[in-house]
Amino acid sequence: MIFLKAFVVGGLICVISQILLEKTKMLPGRIMVLLVCTGVVLSFFGLFAPLKEFAGAGATVPLLGFGHVLMEGVKEAVDEHGFLGLFMGGFRAGALGTAAALILGWIASLFFKPKSGSDN
């Protein structure tokens with residue numbers, strides 16, 4: 001049942017993103033930022049934890065989960081370092097995921113040859 005919940009919630013997030021992409025003039029980068037900020041806002045108001053409990057990976061894998069991770073990192077850093085934690089927490093919390101994406105992307109580039117736009 002957890003797989004169905006994750007699929008439905010993750011799918012709804014993707015459907016909303018696709019509707020925004022097709023029905024508005026928002027660019028993909030802005031939609032991604034909107035998703036991260038939505039995760040931060042949901043986390044701030046305590047709504048992300050119940051969503052995560054219900055949907056599992058359906059809530060944590062999309063960019064909403066990255067926003068939640070950033071918010072949690074900022075909360076912990078503010079508790080430890082006060083005002084300076086506002087600037088430190090997000091970097092510390094997001095560093096592992098960002099580093100993994102960069103390293104795995106580089107490894108993938110070793111195995112696959114990218115196509116340029118003129119090759120289509």
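This passage describes a nonpolar core, two residues that pack beside helix H1, and a nonpolar surface patch. The model is predicted, so local features need pLDDT of at least 70 and side-chain atom pairs count only at pLDDT 80 or more, while totals for chains, interfaces and linings use all residues. Residues are numbered from 1 along each chain as its sequence is written, and side-chain values use heavy atoms, with hydrogens and water left out.

The largest nonpolar core (buried Ala, Val, Leu, Ile, Met, Phe, Trp, Tyr and Cys residues joined through side-chain atoms within 4.5 Å; buried means under 20% relative accessible area, 1.4 Å probe, protein chains only) has 9 residues: Val9, Ile13, Ile31, Leu35, Leu42, Phe48, Ala55, Ala59 and Leu64. Two or more of these residues come from each of helix H1 (2–23), helix H2 (28–44) and H3, with H2 giving the most, 3 residues. Helices are DSSP runs of H or I with at least four residues, numbered from the N terminus.

Beyond its neighbours within four places in sequence, Ala55 is in contact (heavy atoms within 4.5 Å) with Ile2, Lys5, Ala6 and Val9. Phe54, in helix H3 (residues 48–55), contacts Ile2, Lys5 and Val9 on the same basis. The C-alpha atoms of Phe54 and Lys5 lie 7.1 Å apart, at a sequence separation of 49 residues. Phe54 counts as partly exposed because its relative accessibility is 43%, between the 20% and 50% limits.

Trp106 belongs to helix H6 (residues 85–111) and is exposed (over 50%) because its relative accessible area is 54%.

Methods. Patches are made of residues with over 30% relative accessible area and no salt bridge: like charges are joined within 9 Å, nonpolar side chains (Val, Leu, Ile, Met, Phe, Trp, Tyr) within 5 Å. Accessible areas come from the Shrake-Rupley method with a 1.4 Å probe; for residues, only the protein chains shown count as cover. A salt bridge is a side-chain nitrogen of Lys or Arg within 4 Å of a carboxyl oxygen of Asp or Glu.
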